[in-house]
Amino acid sequence: MSELQRKRELGRGERVVAGLWRLRLPLPWAGIPHCNAWAFAAGSGVVLVDCGMHQPGSMANLERALDQVHLRLDNVRRLVITHAHSDHWGQAAPVRERAGCEMWMHPNHAHATANAGDPAAVLARRLEVGRQSGVSLATLQEYHDRHKNDVSGIARVIEPDASLTDGVTIDSDLGPWQVFETPGHCPSHVCLFQPEHRILISGDHVLGRISLFLEYGWSPDPVGEFLSSLDVVDALDARLALSGHGKPFTDVHAHIEGNRKLVAAKLEAIGERVQREPQTALSLAREIYDQPIVDGNAAWLLTETLCFLTHLEAQGFVRRESDGDVDHWHAT
Ligand SMILES: [Zn+2]
Ligand SMILES: [Zn+2]
C-alpha cells in the first residue's frame, strides 16, 4: 500500500472557520473514499454533526480527526444527525455512549432502522427491487451470493433522544443553526443553516459533485420530495455549503440548479423511451446512464430509475403493469 493510500484511510480534521471544523472520515466504498462529520463550538463543548460509519478502526479515525483540531469525544455535548445512512450515523450508538451526550435525528428513520439488525432482509428487499426491474434470476442469484455476508455499517440501532424537525434550532458560538427537513435523498434527511454566516450543512442533499442518490420504497415520491427540498435550501441563499462528502463549496445556487437540471434530463429521457414502447426499469437504466450497470452500481441506479418512474406515475405520465414478476412501464 502506498503512503498516499495509507494517508487516505485515516481520519483527518481541519478548521473551516473559527469554531467550526470538518472531520473527514474514511469509507470502505469504491468511488466514495470518505464522508464528512462536522463539529461546531457551543459553550463549554461542541456539537458533532454526523459521526461516520461503524467499521473496523472507525472510532479511532473519528478520535484522530478530532485530535487534529484539538478536540476529544468528551467535548461532544450533542450529536446531531443529518440522515440515517450508515456512513453518517453508523457509529452513533458508541459515540453517544462514550460522550455521554444526546443524539438528535429526524423521526422518519425507518428506512435505515427497520432492517438495520437484519442484513438478510435488506438484501432480500434489494433483490426484490431487481426482480421487479427485470433483472434475470441467474444474475440475482449471483448478486445474492456476492452480498450475502455484507455488513450494515451500523453499530447498533438507537432511538433519537429528540426529533430534528422544521423549526428546531441548535445553539452554537457562531449563532443558532436552524433545522430544515429535506427529504428526497432519504426520508430522515435534514439540513442545518446558520443565517448570520450563511453556512449550510447540506448532508447528502446537495453535494459538491452533482450526483443523485434517492432512497426508494419508503415514501410516495422521492423525486418530488427531493425537488421540493431543493427549493427549501435554495431560498436560504447560503454562501458556503458543507456537504456529507467532498470539500466545502460556494456557489450553492448553481449546485442546486445543476441537480434540478439533472433530474429534468433523466425524467425527459425516461419519458421519451416509455412513449416509444413499454420498458422495464432495467432496460431504461441501461439507456439513461452513461455507465454500464454492474454489481457495484446496479442497486443504486435501478433504485434511482424506479424513483423517476414513480414520479412520472404520480404525475400521470406513465403507469406500471406487472406480469406477476416484472413491472413494465407504459405511457398513459
Ligand atoms: Zn446518504
Ligand atoms: Zn453519505
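Two zinc ions and one cavity

Q: Start with Asp204. Buried or exposed?
A: Asp204 has a relative accessible area of 8%, so it is buried. Keep in mind that this is a predicted model.

Q: Which metals does Asp204 coordinate?
A: Asp204 coordinates both the zinc ion (ligand 1) and the zinc ion (ligand 2), which are 3.4 Å apart.

Q: What else coordinates ligand 2?
A: Besides Asp204 (OD), the donors to the zinc ion (ligand 2) are Asp87 (OD), His88 (NE2) and His245 (NE2), at 2.1 to 2.2 Å.

Q: What's the geometry there?
A: Irregular, because the four donor atoms around the zinc ion (ligand 2) subtend angles of 90 to 156°. A tetrahedral site would need all angles between 85 and 135 degrees.

Q: And the spacing of those donors along the chain? What is it?
A: For the zinc ion (ligand 2) the pattern reads D-H-x115-D-x40-H. Asp87 sits in helix H3 and Asp204 in the loop between strand E11 (199–203) and helix H8 (222–234), so this pair ties together parts 117 residues apart in sequence.

Q: Is Asp87 buried or exposed?
A: Buried, because its relative accessibility is 4%.

Q: OK, ligand 1. Which residues coordinate it?
A: The zinc ion (ligand 1) has His83 (NE2), His85 (ND1), His185 (NE2) and Asp204 (OD) as donors, at 2.1 to 2.3 Å. The angles among these four donor atoms are 89 to 170°, and the site is irregular. In sequence, the donor residues of the zinc ion (ligand 1) are spaced H-x1-H-x99-H-x18-D.

Q: Where are His85 and His185?
A: His85 is in the loop between strand E5 (76–80) and helix H3 (86–89), while His185 is in the loop between E9 and E10, 100 residues apart. Both are buried.

Q: You mentioned E9 and E10. How do they run?
A: Antiparallel, with four bridges joining E9 (residues 177–181) to E10 (residues 190–194). Phe180 has Cys191 in E10 as its bridge partner.

Q: Which sheet is that?
A: An open, mixed sheet of five strands, in the order E8-E9-E10-E11-E12. Strands E8 (169–170) and E12 (240–243) are at the edges with a single partner strand each, so one side of each has no neighbour in the sheet.

Q: Switching topic. How many cavities of 30 Å³ or more?
A: One, from a search of the whole structure. The largest cavity holds about 50 Å³ of space.

Q: What lines it?
A: The lining of the largest cavity includes Leu25, Cys35, Met53, Ser58 and Gln91. Strand E2 (20–29) and helix H2 (58–68) are the elements that give two or more residues to this lining.

Q: How many of the lining residues are charged?
A: None; the lining of the largest cavity has seven nonpolar and five polar residues.

Conventions
Residues are numbered from 1 along each chain as its sequence is written. Chains are lettered from A and ligands numbered from 1 in the order in which they are written. This is a predicted model: local features need pLDDT of at least 70, side-chain atom pairs count only at pLDDT 80 or more; totals for chains, interfaces and linings use all residues. Side-chain values use heavy atoms; hydrogens and water are left out. Two strands pair if DSSP finds at least two bridges between them. Donors are N, O and S atoms within 2.8 Å of the metal (3.2 Å for Na, K and Ca); water is not among the atoms, so sites may look incomplete. Four donors count as tetrahedral if all angles lie between 85 and 135 degrees; four count as square planar and six as octahedral if opposite donors are over 155 degrees apart and all others between 65 and 115; anything else is irregular. Buried means under 20% relative accessible area, exposed over 50%, partly exposed in between (1.4 Å probe, protein chains only). On a 1 Å grid over the protein atoms alone, a cavity is a set of points where a 1.4 Å probe fits but cannot get out, and a pocket is an open set with protein on both sides within 12 Å along at least five of seven lines; lining residues have an atom within 4 Å of a point. Grid points are joined across faces, edges and corners, and a volume is the space filled by probe spheres set on the points. Ala, Val, Leu, Ile, Met, Phe, Trp, Tyr, Cys and Pro count as nonpolar, Asp, Glu, Lys and Arg as charged, and the others, Gly among them, as polar.
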